[in-house]
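Work through the exercises below with the sequence and the model at hand. Each task is followed by a solution in steps.

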Amino acid sequence: MWRCALPPLLRYPTVDELGARAAALVARRPRDARLRRVGTSRAGTPLWLLSVGHGGRQVLVVAGPHANEPVGGATALRLAERVLADPRLREGADATWNLLLCLDPDGARRNEAWLSGPYTLGHYFRNFFRPGFLEQPEWLPKGAAGVTLPETRALLDLQDELRPVFQCSLHGVDVGGAFVELTRELPGLAQRVAHTAARLGIPRELGPYDTLYWPRLGPAVYRIPPPHPGDLAAAITEAAVESTWFHPHRYGTVTAVVEAPMWGVAAVEDATRPTDADAVLRSVSHTLRHDTRLLEGILGRIRPGLDTSPDAACLLAPVDDYLLVGPGLADSWDPDVHDAGARPLPPLDTARLTALRLAGRRVALRTAGLLHQLVTGSGRDPSGALPELDRLIDAWCADYREGCGARWIPVARQVEYQARVVIAAFELAGRYAPVRSHSGETGWGAQAALPMHRE
């Protein structure tokens with residue numbers, strides 16, 4: 001068993017702590033590890049790349065692509081320690097591990113109010129931040145040529161420089177279970193995921209809402225369909241546009257997106273058939289519509305009193321995105337509204353229905369949390385919205401805990417799970433010859449992802 005030379009992480013590291021711990025690791029092993037700046041965020045924060053090993057096969061691990069998912073940074077440090085401790089992952093695999101410590105450090109800093117705990121749902125959602133869709137650096141809604149975010153440009157340049165054989169994007173699920181998304185099948189990965197999840201007591205998500213129409217490669221493992229031009233609202237909820245996941249595909253890169261949950265829900269791996277799936281769908285859809293109307297009303301009351309500062313605009317952008325998405329999601333799930341000419345929903349077991357319920361509640365809670373910050377940040381509440389938002393957040397978090405059985409998973413276990421799955425995917429990727437293709441080739445996108453809802 002490998003051991004960490006750095007103190008184990010019992011909580012999520014901040015952006016500054018990630019850099020400091022990486023620098024300490026390099027100081028301890030200067031011949032095997034190095035740290036360099038590969039870009040700068042919009043706010044001037046360095047984008048640090050920690051590289052371990054000197055092999056010819058490049059591995060790229062991207063942490064922190066979503067601001068509210070801090071597990072990836074801790075996992076990147078854990079991977080660096082493991083690669084340093086195990087020569088088979090370096091010289092034995094002829095590999096250099098390149099670990100981008102945080103792709104969105106500006107957004108990550110906005111989440112630091114909850115990073116050190118207490119790890120309660122209410123504390124998390126009241127301090128939750130994730131930028132609007134157009135500010136999320138993994139997406140390429142206008143293609144690589146239309147990139148304006150410096151974080152995205154830095155990642156694309158790094159991909160073009162390294163031409164990695166394997167790329168891994170580290171994500172977190174706030175409430176639900178663990179799963180993996182792949183740009184190319186890696187036979188045997190589902191079994192590795194199952195073994196690791198069972199050892200660590202982490203539920204696997206057998207039907208995530210954002211993979212609703214995606215090919216299933218095995219339990220909790222899904223194939224990411226090639227991107228295609230689509231509407232923005234659909235892209236908010238799934239990878240329906242070009243992304244940095246597929247950009248290095250032209251070099252033969254296989255990309256794995258590894259999702260680790262913060263709060264686990266056992267029912268997301270329950271494959272039993274419900275007695276009345278349509279009744280569940282109606283309930284989930286009606287609840288999401290009702291919650292969206294409530295939140296739209298609160299936004300209408302507070303918006304006139306908000307200032308026009310960049311900080312308020314930063315919070316408003318995702319609020320508008322979520323309020324746009326909510327009704328469309330509800331319509332796509334509701335058996336009384338769903339367009340008969342559209343692609344039908346896949347067979348719905350308890351796992352998938354639970355995932356949809358979690359997703360609907362997630363949209364509402366994130367919106368409420370952002371509205372809460374808008375009101376508290378303004379320093380005044382003439383419309384009396386804050387007590388109402390507190391009641392809604394408390395009630396919806398209680399539904400997660402008591403209605404869905406959400407239970408906190410310690411940070412150390414989240415990190416250990418994600419690190420083991422990354423290693424497993426890397427080992428399996430090395431067994432299969434890459435398939436060279438890129439988005440400019442004829443036929444790319446013929447099996448495009450379908451939007452989960454229609455505007």
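**Exercise 1. Two helices**

Task: Determine how far helix α13 is covered, and compare its end-to-end distance with the expected span.

Solution. Start with burial: of the 19 residues in α13, 15 are buried, so the helix is mostly covered, given that buried means under 20% relative accessible area. Next take the length. Helix α13 runs over residues 411-429, and at 1.5 Å a residue its 19 residues should span 27 Å. The end C-alpha atoms are 27 Å apart, which agrees with that expectation.

Task: Repeat the analysis for helix α11, and state what phi Gly379 takes just after the helix.

Solution. The model is a predicted one. Helix α11 covers residues 350-378, 29 in number. From first C-alpha to last it reaches 42 Å, close to the 42 Å expected at 1.5 Å a residue. α11 is mostly covered, with 25 of its 29 residues buried. Just after the helix, Gly379 has a positive phi of about 80°.

**Exercise 2. The chain as a whole**

Task: Describe the protein chain by its secondary structure, burial, contacts and surface.

Solution. First, the elements: the protein chain has 13 helices and twelve strands. Second, burial: 60% of its 455 residues count as buried. Third, contacts: among those between residues at least 6 apart in sequence, 82% join residues at least 24 apart. Fourth, surface: the accessible area comes to about 17,400 Å², and 53% of it belongs to carbon and sulfur atoms.

**Exercise 3. Aromatic pairs**

Task: Find how many aromatic pairs the whole structure holds, then classify the pair of Tyr12 and Tyr119.

Solution. A search of the whole structure gives 15 aromatic pairs. For Tyr12 and Tyr119, the ring centres are 5.6 Å apart and the planes meet at 75°. Planes over 60 degrees apart count as edge-to-face, so this pair is edge-to-face. Now place the two residues: Tyr12 is in the segment before α1 (15-28), while Tyr119 is in the loop between α4 (112-115) and α5 (121-126). The pair therefore ties together parts that are 107 residues apart in sequence. Both Tyr12 and Tyr119 are buried.

Task: Is the pair of Phe133 and Trp139 stacked or edge-to-face?

Solution. The centre-to-centre distance is 6.2 Å and the angle between the planes is 25°. Planes under 30 degrees apart count as stacked, so Phe133 and Trp139 are stacked. Both Phe133 and Trp139 are buried.

Task: Which residues do ring pairs link into a cluster with Tyr12, and where does Arg110 lie relative to Phe129?

Solution. The cluster holds Tyr12, Trp114, Tyr119, Tyr124, Phe125, Phe128, Trp263, Tyr400 and Trp408. Arg110 lies over the face of Phe129, at 4.9 Å from the ring centre.

**Exercise 4. Two residue environments**

Task: Characterise the surroundings of Asn98 in strand β4.

Solution. Strand β4 comprises residues 95-100 and contains Asn98. Asn98 has 3% relative accessibility and so counts as buried. Its side chain reaches the backbone oxygen of Thr96 at 3.5 Å. Beyond residues up to four places away in sequence, Asn98 touches several others, including Leu49, Gln58, Val61 and Leu162.

Task: Is Leu206 buried or exposed, and what is it in contact with?

Solution. Leu206 sits in the loop between α7 (189-200) and β8 (216-218). At 14% relative accessibility, Leu206 counts as buried. Leaving aside neighbours within four places in sequence, its contacts are Pro219, Ala220, Tyr222, Val268, Glu269 and Ala351. Of these, Val268 is 62 residues from Leu206 in sequence, yet the two are 6.1 Å apart in space, C-alpha to C-alpha.

Key:
Residues numbered from 1 in each chain as written. Predicted model: local features only at pLDDT ≥ 70, side-chain atom pairs only at ≥ 80, totals over all residues. Heavy atoms only, no water. Phe/Tyr/Trp six-rings, centres within 6.5 Å; stacked < 30°, edge-to-face > 60°. Helix = DSSP H or I, 4+ residues; strand = E, 2+ residues; numbered from the N terminus. Buried < 20%, exposed > 50% of the residue type's maximum accessible area, 1.4 Å probe, protein only. Lys NZ or Arg CZ within 6 Å of the ring centre and 35° of its normal. Polar contact = N/O pair within 3.5 Å; in protein donor to acceptor, adjacent residues only side chain to side chain. Contact = heavy atoms within 4.5 Å. Areas by Shrake-Rupley, 256 points an atom, 1.4 Å probe, with all protein chains shown as cover. Expected span 1.5 Å × (residues − 1).
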